[in-house]
Amino acid sequence: MSTARAALERRRERRVPVHLPIVVRGTDRTGMPFEERTSSENLCRGGAAFASRHPLDLGSHLEIHIPVLPTSASEDTDFSTQGRIVHVMHGGGAENESIVGVEFTGPRFHRMYVSETT
């Protein structure tokens, strides 16, 4: 079984393709701390994927912040958690960009979004 297929089968929740602003903080492969403003590629309650220009390793821990616009049904404005990198796919849209998948190790994301592809 391929690594990508095994990762897909381990997912407990369906990821929704949605682009939300996201701020990621951590330490890259070279030991340099960074803060990056990017956007999500997809999202579920237990994790997210996003584009990054920083060289990151599997197993690294990150701080993740998603500003969430309040709705009439909710007063939540922001979501912050910690995550562990479980997937890195090189070759995103820009040169030296990767798509990074994280599993939330802190609070889970409890907002729902409709897929942008529907």
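Contact is taken here to mean heavy atoms within 4.5 Å. By this criterion, and with residues up to four places away in sequence not counted, Asp28 touches Phe34, His54, Pro55 and Leu56. The structure is a predicted model, and the values below are computed from it.

The strands form a closed barrel of six, in the order β1-β2-β3-β6-β5-β4, with antiparallel pairing. Neighbouring strands of this sheet are turned against each other by 40 degrees on average, direction ignored. Within the barrel, β5 and β6 pair in the antiparallel sense over seven bridges. Glu103 in β6 is the bridge partner of Arg84.

Five salt bridges are found in a search of the whole structure. One of them joins the side chains of Glu35 and Arg25, with an N to O distance of 2.7 Å. This pair links distant parts of the chain, as Glu35 belongs to strand β2 (residues 33–44) and Arg25 to strand β1 (residues 21–27), ten residues apart. The relative accessible area of Glu35 is 43%, so this residue is partly exposed. Arg25 is likewise assigned as partly exposed, because its relative accessibility is 32%, between the limits of 20% and 50%.

The surroundings of Arg25 extend beyond its salt-bridge partner. Leaving aside neighbours within four places in sequence, Arg25 is in contact with Phe34, Glu35, Leu62 and Glu63. The C-alpha atoms of Arg25 and Leu62 are separated by 5.7 Å, although these residues are 37 residues apart along the chain. Between the side chains of Arg25 and Glu35 there is also a polar contact of 2.7 Å.

A second salt bridge is formed by the side chains of Arg53 and Glu36, at 3.4 Å from N to O. Arg53 is placed in the loop between β3 (47–52) and β4 (61–67), whereas Glu36 is in strand β2, so the salt bridge ties together parts that are 17 residues apart in sequence. The two partners fall into separate accessibility classes. Arg53, with a relative accessible area of 53%, is exposed. Glu36, at 2% relative accessibility, is buried, because the limit for that class is under 20%.

Glu103 and Arg84 make a further salt bridge, in which the closest N and O atoms are 2.6 Å apart. Here too the pair links distant parts of the chain, with Glu103 in strand β6 (residues 98–104) and Arg84 in strand β5 (residues 78–90), 19 residues apart. Glu103 has a relative accessible area of 26% and is partly exposed. Arg84, at 31% relative accessibility, also counts as partly exposed. Salt bridges that share partners also join Arg25, Glu35 and Arg37 into one network.

Asp28, whose contacts were given at the outset, lies in the loop between β1 and β2. Asp28 is buried but has no salt bridge. The nearest side chain of opposite charge belongs to Arg29, at a distance of 7.9 Å. The absence of a salt bridge between these two residues follows because the criterion requires a side-chain nitrogen of Lys or Arg within 4 Å of a carboxyl oxygen of Asp or Glu. Buried charged residues in this model thus include Asp28, without a salt bridge, and Glu36, which is joined to Arg53.

Note on methods. Residues numbered from 1 in each chain as written. Predicted model: local features only at pLDDT ≥ 70, side-chain atom pairs only at ≥ 80, totals over all residues. Heavy atoms only, no water. Helix = DSSP H or I, 4+ residues; strand = E, 2+ residues; numbered from the N terminus. Buried < 20%, exposed > 50% of the residue type's maximum accessible area, 1.4 Å probe, protein only. Lys, Arg positive; Asp, Glu negative; His and termini not counted. Pairing = 2+ DSSP bridges. Axes fitted to C-alpha atoms, helices over the stretch in contact; angles between N-to-C directions. Polar contact = N/O pair within 3.5 Å; in protein donor to acceptor, adjacent residues only side chain to side chain.
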